[in-house]
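Hi everyone, thanks for coming. I'd like to walk you through one protein model today, so have a look at it while I talk.

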Amino acid sequence: MVGSGASGLAAAVTAAWHGLKVVVVEKEAVFGGATAWSGGWMWVPGNPLAQRAGIHEDPQQPRTYLRNELGARYDAARIDAFLDNCPCMVAFFEEHTDLQFVDGNGIPDIHGNVAGAGTQGHQVIAAPYDGRELGPLVKRLRKTMRETSFMGMPIMAGADLAAFLSTTRSLKSLIHVTTRFIRHLMDLALHGRAMQLVNGVALIGRLAKSAEKLGVTLIESAPAKCLIVENRAVRGAIVATARGTIEIRAAKGVVLATGGFPHDADRRKALIPRAPTGEEHLALPPAACNGDGISLGESVGGCLATDLASPVAWAPVSRVRHRDGSVGHFPHIIDRAKPGLIGVLSDGKRFVNEADGYYDYTAAMVARVPEGQEVASWLICDHRFQRRYGLGHARPFPIPLGPSIRSGYLQRADTLDDLAKLCGIDAAGLIETIRLYNKHARRGEDPEFGRGSTPYNRKQGDPRHAGPNPCVAPIEQGPFYAVKVLPGSFGTFAGLKTNGAAQVLDRSDKPIAGLYAVGTDMASVMGGYYPSGGINLGPAMTFGYIAGRHAAGLELSQHSIRNSQ
């Protein structure tokens, strides 16, 4: 296995449990790749946790949804492979490994107005994990992304996050947050890092521990330099290590799982729209995810599939300048749907339903900004909103705002006119936009873009909001705030062309013997669309599981067997 994110470790654990001798090589000094920085959600319709909760969905429903979402890019062979095997993947890891899950049964698919969209039962996430269970392995694990943690403490999506957002409004939440933070401070003092592992880092921790128990050899600081090909089959890799270059033989094949090309400057310039230098795009994965696996696959005849709706998994991102001089990226996932915020372009006008998915927000921004202008938008809110929910990396009360304002991250002004001037926004356009927005927002309405009109919108909003719409409230209590948002991504969608067994295909659509690609090294099974949260990690885990079984010579589902031949 080349790469140690969720897909690579899933393949490693699956193959090892089925009797194969497995080696995982990771180019960085820590394991986890982009997964360790992710929210950790997996889209897996028909999963056992949903079944146990009494949610029994027609297997054709998610297929209907994906057909409507993906259109001409619906790849029946790979969709069947994914949907047939994702429930089996969850069951396998639950039963045989340290990876346990928590359900996200209340999370709807993003586009609730599309036929087939589910309102429940499609999501799972790794259960929280005590880092002490990892023993010495915890020191080899990537820490949570700096910008999305609080003093290094990761916050779990769901009830944990809800408690943090309602700390000042609920005694129960205050007790929960205080307890979590005190324990975190103790962990920092004793271990020098967070030990309450949640989200993506919990997924990696549980997979890594499972791999260790199964005898998988984990080698960090070991980039794969080239593949070994014998008799037209991939039979291993040449790997650079601290002790020199070594040859690792792989009788059953090599799995590429290096995290796609989010930091490959040449591919970014060639494939990502509105990014002529590549620097305009703020990719969230670690810098080491720079196309190694794709290049390895191409070197032995694999093909990069680029005919997708988008080459990347769009996300709205703001730049964070830290006190030490470093610059980080903050993904705007939570704040956009809360009541009392809008997004505007430089003309001061709204351009999208801000409560829709992060992919949708960013795609609309890229499409609406005129050619020749910087692709950017501004999230605008008032003082009440910022102190209650925070705005991007500028945390809510009681965290002080001074550092965010002094660094230039957060713009603040007493009037909308002054705020517009600070941001370079057309003042008249912004004032009129907010006047019109407030007129309807006082009644909980948004006739222009329909905020709060779908189950996904409402789930992302604030259930404690006193108004009739959990996503809509007026913007009227100064001072006012703005954060500049740029196009970024959670990773890439363009990748190596594969079949339903995760085998890399050559230019004749024939499998390259002994070579698999999973995660974002394989072309997105969603055709470059983003129909629901977790559509990166759900397929990553599932095709990792499929690759591990296929390498071990085991049969997949009948759909997968038929469509992989």
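I'll go through a helix pair, then some strands, then a covered helix, and end with the nonpolar cores. Keep in mind that this is a predicted model.

Okay, the helix pair. Find helix α3, residues 60–70, and helix α4, residues 76–96. They pack at an angle of about 145°, and their axes are 11 Å apart. The crossing of α3 past α4 is right-handed. So who touches whom? On the α3 side you've got P62, R63, L66 and L70, and α4 brings I79, D80, L83 and D84. If you sort that contact by class, there are 5 nonpolar and 3 charged residues, with no polar ones.

Here's a handy bit of background. An α-helix has 3.6 residues a turn, so residues three or four places apart point the same way. Have that in mind when you look at the list for α3, with P62, R63, L66 and L70.

Next, the strands. Strand β8 is residues 224–230, strand β9 is residues 233–241, and the two pair in the antiparallel sense over 6 bridges. To get your bearings, spot A224, which sits opposite V239 in β9. The hairpin of β8 and β9 has 2 residues between the strands, and N231 there takes a positive phi near 50°. Then β9 pairs with strand β10, residues 244–249, again antiparallel, over 6 bridges. A hairpin of 2 residues makes that link from β9 to β10, and I238 stands opposite E247 in β10.

Now for helix α10, residues 358–368. How many of its residues are buried? It's 8 of 11, so to speak mostly covered. Among the buried ones are Y358, Y359, Y361 and M365, and D360 is on that list too. What's doing the covering? That includes strands β14, β16, β17 and β19, plus helix α15.

Last stop, the cores. The largest nonpolar core has 125 residues, and L66, F93, L203, M541 and F543 have the most contacts inside it. You've met L66 already, in the contact of α3 with α4. As for α4, this helix gives the most to the core, with 9 residues. Zoom in on M541 for a second: leaving aside neighbours within four places in sequence, M541 is in contact with residues including A6, M42, M89, F93 and L203. There's also a second, separate core of 29 residues, and I342, A355, I434 and A441 are among them.

That's my tour, and I'm happy to take questions.

Terms used: Residues are numbered from 1 along each chain as its sequence is written. This is a predicted model: local features need pLDDT of at least 70, side-chain atom pairs count only at pLDDT 80 or more; totals for chains, interfaces and linings use all residues. Side-chain values use heavy atoms; hydrogens and water are left out. Axes are lines fitted to C-alpha atoms, for helices over the stretch in contact, and angles run from 0 to 180 degrees between N-to-C directions. Helices (H or I, at least four residues) and strands (E, at least two) are DSSP runs, numbered from the N terminus. A crossing is left-handed if the near helix is turned anticlockwise from the far one by less than a right angle, and right-handed if clockwise. Contact means heavy atoms within 4.5 Å. Ala, Val, Leu, Ile, Met, Phe, Trp, Tyr, Cys and Pro count as nonpolar, Asp, Glu, Lys and Arg as charged, and the others, Gly among them, as polar. Two strands pair if DSSP finds at least two bridges between them. Buried means under 20% relative accessible area, exposed over 50%, partly exposed in between (1.4 Å probe, protein chains only). A nonpolar core is a set of buried Ala, Val, Leu, Ile, Met, Phe, Trp, Tyr and Cys residues joined through side-chain atoms within 4.5 Å.
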